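User: Hi! I am new to reading protein models and would like some help with this one. Could we go through it step by step?
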Amino acid sequence: MTELTFELPKTPASRRVKRFVVPLLPFAFLIAIWASIVALTDPAIGVLPSPMRVLEAPFDDSSTYFDNIEASLKRLVMGFTVAAVSGVVVGIAAGLSRRVAEFLGPLSTFMSAISGIAWIPLAVAWFGVGTGMVVFIIWNAAFFLIFANTMLGVRLVPKVYGNGLLTLGCSRLQVIRHAVVPGAMPYIMSGLRSGLGFGWRAVIAAELVGASSGLGFWIFEQQEFSRMDKIIAGALTIGVIGMAMDRWLLAPLERRTIERWGLVGTSS
Amino acid sequence: MSDPPNSTVLSAVEASRQQASSHRGRALLASVFRALFPFTVLLGVWWGAWAIFDPPEIILVSPPTVFSAFIDAIQDGTLPTYISRSVGRLALGTLIAAAIGIPLGWLLGIDDDISSAFDPLLRFFNAVSGIAWLPAMIIWFGFTERTILVIIVYTMVFPITFNAMTGVRTIPRRYRDACRTLGAGRLRIVKEVYMPGSFPGVMTGLRLGIGFGWRALIAGEFVVGTAAGGGIGFFIFDARTQGSIRKVMAGMIVLGVLWLLADRLIFKPIEEHVNERWGAVSE
């Protein structure tokens with residue numbers, strides 16, 4: 001969205017302050033409230049630990065903490081890779097062929113209506129407890145989004161480009177490679193971006209039941225010991241990782257894709 | 001006004017109307033068939049795989065077995081009770097989340113300073129999925145209804161807020177400026193421009209939010225378990241504990257069908273209506 005705003009030009013310094021300092025204020029405020037509640041009411045550490053305690057908690061046993069992060073991230077990479085490849089391939093097929101789309105469309109709507117978490121019991125029965133099952137749940141969470149976005153992107157590529165290439169003697173495969181895929185790229189990227197976000201949520205949910213390692217497993221294990229400091233640290237870690245992936249990996253990638261290939265229009 | 005149309009014209013109109021309705025009927029039938037065909041194939045593949053591999057009952061059961069599990073669960077009353085509990089929770093969660101999220105979204109959409117200050121905070125907590133807060137909520141609220149409700153509301157607030165915000169932002173500035181030129185106060189502008197103008201965004205947010213909330217509900221019911229008196233999510237996970245794949249699959253299908261019905265019969269029509277009525281502002 002481009003907005004027309006009528007503001008007086010500001011000096012770069014004050015704008016930088018506004019951009020970096022102001023957004024930190026609510027965080028600081030929140031932490032201050034939290035710290036003062038702890039200081040005033042002195043709750044049991046199992047109910048509400050101090051911010052400092054939460055910051056230290058992962059390092060009580062930092063190797064376990066980092067091992068669990070690693071386990072979760074590995075699963076995410078595996079599941080997401082499978083979802084990305086299958087989602088893009090099937091999405092291109094459905095975008096090119098009406099028949100494939102008419103067949104897969106309703107199925108995909110129905111399958112994504114059965115939320116990823118509800119698949120966990122069946123996935124445990126099929127794959128047992130462990131990485132296989134978590135990877136399946138991640139795939140299940142990300143695939144339908146990537147598929148639907150890719151299909152949409154392919155459909156929105158103007159037919160002229162493909163026809164032009166065909167006239168020039170290109171094969172169908174070349175058309176896909178040089179017109180369809182690049183044209184659909186912005187949509188594919190936005191599908192991948194939200195797919196990864198959903199995948200990350202799915203990892204945590206799946207590990208809650210079906211794994212004996214990973215961040216999701218870790219926070220639920222801590223609940224049994226009422227280690228609120230570790231639980232909050234774990235939840236915040238989940239947020240930081242999710243946000244970091246989105247901000248520093250996928251958002252820039254998406255932006256660049258739109259700049260480079262965004263001839264078909266952009267999706268915010 | 002004008003002369004009544006003569007009978008030949010009337011019968012011609014009647015005939016064309018009949019033709020159109022029979023045409024529409026056939027088109028409807030064709031679209032129903034087209035929508036059901038993929039599911040028939042899926043059912044066939046499932047049934048075929050079951051017949052060929054003959055897997056043990058804890059891996060896969062045949063479609064009729066799942067259907068009979070579904071009938072059983074309806075007859076013994078568990079499924080109807082659980083469904084009404086889950087839907088009730090979701091409805092309550094939606095009300096609370098809407099009451100928080102919509103005004104907050106409006107505020108963020110109207111005031112750029114507030115939104116630039118609070119946007120990162122909201123995005124961060126949105127990134128911490130509701131499920132990740134489940135262990136903490138269990139410690140605070142125990143295995144109770146409240147734990148489930150908090151998780152649902154938490155999950156729903158963000159999409160509702162962000163979409164209400166976007167809804168306000170996509171209103172062309174000139175509407176606001178026009179109102180202001182005509183002497184409207186700030187409150188009047190909120191009432192006449194921002195509220196109706198952001199309606200499509202608000203509806204999208206609600207629809208998305210309810211979708212996310214539904215997932216959170218399943219997870220919450222599973223973790224909280226019997227203590228909250230069941231629910232469709234509990235039904236599925238409880239079936240797993242019993243080792244009853246037939247009940248697991250029956251529950252999953254009920255979940256999918258419920259969601260599809262709600263989406264097609266409630267959310268989509270409302271959203272379309274809202275877009276028709278109010279959507280003119282985002283030209």
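User: Let's start with chain B. What percentage of its 283 residues is buried?

Analyst: Happy to help! Keep in mind that this is a predicted model. To judge burial, we count the C-beta atoms around a residue, and 20 or more others within 10 Å make it buried. In chain B, 39% of the 283 residues are buried. For chain A the share is 43% of 268 residues.

User: How much confidence does the predictor have in chain B, going by its mean pLDDT?

Analyst: The mean pLDDT of chain B is 86, with 90% of its residues at 70 or more. There are also scores for the model as a whole: ipTM is 0.83 and pTM is 0.84.

User: Which elements is chain A built from, helices or strands?

Analyst: A good habit is to list the elements in order along the sequence. Chain A has 11 helices and 0 strands, so its pattern reads α-α-α-α-α-α-α-α-α-α-α. Chain B likewise has 11 helices and 0 strands, and from its N terminus the elements run α-α-α-α-α-α-α-α-α-α-α.

User: Why is chain A said to be more spread out than a compact globule?

Analyst: Here we set the radius of gyration against what a rule gives for that number of residues. Chain A has 23 Å, well over the 18 Å of the globule rule for 268 residues, so it is more spread out than a compact globule. Its C-alpha atoms fill a box of roughly 75 × 65 × 30 Å along the principal axes. For chain B the radius is 25 Å, while a compact globule of 283 residues would be near 19 Å. The C-alpha trace of chain B spans about 75 × 70 × 30 Å.

User: Which residues touch the most other members of the largest nonpolar core?

Analyst: First, the general idea: in soluble globular proteins, nonpolar side chains tend to be buried together. In this model the largest nonpolar core has 137 residues, and Ile137(A), Ile138(A), Ala142(A) and Ala206(A) touch the most other members. Helix H9(A) gives the most to this core, with 18 residues. Take Ile138(A) as an example: beyond its neighbours within four places in sequence, its contacts include Phe80(A), Ala83(A), Ala202(A) and Val203(A).

User: Is Ile146(A) buried or exposed?

Analyst: Ile146(A) is buried, because 31 other C-beta atoms lie within 10 Å and 20 are enough to count. This residue sits in helix H7 of chain A, residues 131-156. Contacts can join places far along the chain: Ile146(A) and Val88(A) are 58 residues apart in sequence, yet 6.5 Å apart in space from C-alpha to C-alpha. Outside its neighbours within four places, Ile146(A) also has contacts that include Gly91(A), Gly191(A), Leu192(A) and Gly195(A). Across chain A, residues 24 or more positions apart make up 76% of the contacts with a separation of 6 or more.

User: How many residues of chain A are in contact with chain B?

Analyst: To read an interface, count the residues on each side and then ask which elements supply them. Here 44 residues of chain A are in contact with 45 residues of chain B. Helices of chain A that give two or more residues include H2 (24-41), H5 (98-113) and H9 (172-210). The largest share, 9 residues, comes from H11(A). Sorted by class, the side of chain A that touches chain B has 33 nonpolar, 8 polar and 3 charged residues.

Notes. Residues are numbered from 1 along each chain as its sequence is written. Chains are lettered from A and ligands numbered from 1 in the order in which they are written. This is a predicted model: local features need pLDDT of at least 70, side-chain atom pairs count only at pLDDT 80 or more; totals for chains, interfaces and linings use all residues. Two residues are in contact if their C-beta atoms, placed from the backbone, lie within 7 Å. Helices (H or I, at least four residues) and strands (E, at least two) are DSSP runs, numbered from the N terminus. Ala, Val, Leu, Ile, Met, Phe, Trp, Tyr, Cys and Pro count as nonpolar, Asp, Glu, Lys and Arg as charged, and the others, Gly among them, as polar. pLDDT is the predictor's confidence in each residue, from 0 to 100. A nonpolar core is a set of buried Ala, Val, Leu, Ile, Met, Phe, Trp, Tyr and Cys residues joined through C-beta atoms within 7 Å. A residue is buried if 20 or more other C-beta atoms lie within 10 Å of its own, exposed if 12 or fewer, and partly exposed in between; C-beta atoms are placed from the backbone. The radius of gyration is taken over C-alpha atoms; the globule rule is 2.2 Å times the number of residues to the power 0.38.
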